[in-house]
Amino acid sequence: MRLLGFGQARVPLAFMPEATVPAALRALDQAGLSIAKMNAIKTHNPFALNDIIFAKETGGDIETMNNWGCSLVWGHPQAPMGTRSVIEVIEELVLRGGGYGLFTGCAAGDTAMAVVLHVGDR
């Protein structure tokens, strides 16, 4: 497993649902990859609206994001649920035989972070 990109972002107050978009785009840019190359996408957000905005703004397929559920079923403490989500991205990529994964999530209020990971040989 390799970390290929990392991004952080902050948006104006009251625009919290949009914060994951620039964070993810920064991580993807740093990795030199597009959203279309992602084999697994996992988000950690407080509301479903966040994922709808994320999919619309990035071109990600909302139907294939958060396979096996999203972290909201476990609550919303950022550190343990963000960590769990990153582990779930890795697990999904291992089960698929490798590939690229993106995790993004709110990091409190109007901020967000994201990572792009690679697992395996492809």
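## Buried or not?

A residue counts as buried when its relative accessible area is under 20%, and as exposed when that value is over 50%, with partly exposed in between. Keep that in mind as you look around this model, which is a predicted one.

Let's try the cut-off on Glu-88, a residue of helix α3 (residues 78–95). Its relative accessible area is 16%, and buried means under 20%, so Glu-88 is buried. What does the side chain of Glu-88 make a polar contact with? The partner is the side chain of Lys-42, at 2.7 Å.

## Strand β2, under cover

Lys-42 takes us to β2, which is mostly covered: five of its five residues are buried. Which residues of β2 point which way? Ala-40, Lys-42 and His-44 go one way, while Ile-41 and Thr-43 go the other, and all are buried. That fits a handy rule: side chains in a regular strand take turns between the sheet's two faces.

β2 also has a neighbour to pair with. It runs parallel to strand β3 (residues 99–106), and the pairing covers five bridges. If you want a spot to find in the structure, look for Ala-40, which sits opposite Gly-101 in β3.

## Out on the surface

Now for the loop that links β2 (40–44) and α2 (48–58), where you'll find Phe-47. Phe-47 has a relative accessible area of 47%. Since exposed means over 50% and buried under 20%, Phe-47 is partly exposed.

Phe-47 has company, too: together with Leu-49, Ile-52 and Ile-62, Phe-47 makes up a nonpolar surface patch. The four add up to about 370 Å² of accessible area.

Conventions:
Residues numbered from 1 in each chain as written. Predicted model: local features only at pLDDT ≥ 70, side-chain atom pairs only at ≥ 80, totals over all residues. Heavy atoms only, no water. Patch = residues over 30% accessible without salt bridge, like charges linked within 9 Å, V, L, I, M, F, W, Y side chains within 5 Å. Areas by Shrake-Rupley, 256 points an atom, 1.4 Å probe, with all protein chains shown as cover. Salt bridge = Lys/Arg side-chain N within 4 Å of Asp/Glu carboxyl O. Helix = DSSP H or I, 4+ residues; strand = E, 2+ residues; numbered from the N terminus. Buried < 20%, exposed > 50% of the residue type's maximum accessible area, 1.4 Å probe, protein only. Polar contact = N/O pair within 3.5 Å; in protein donor to acceptor, adjacent residues only side chain to side chain. Pairing = 2+ DSSP bridges.
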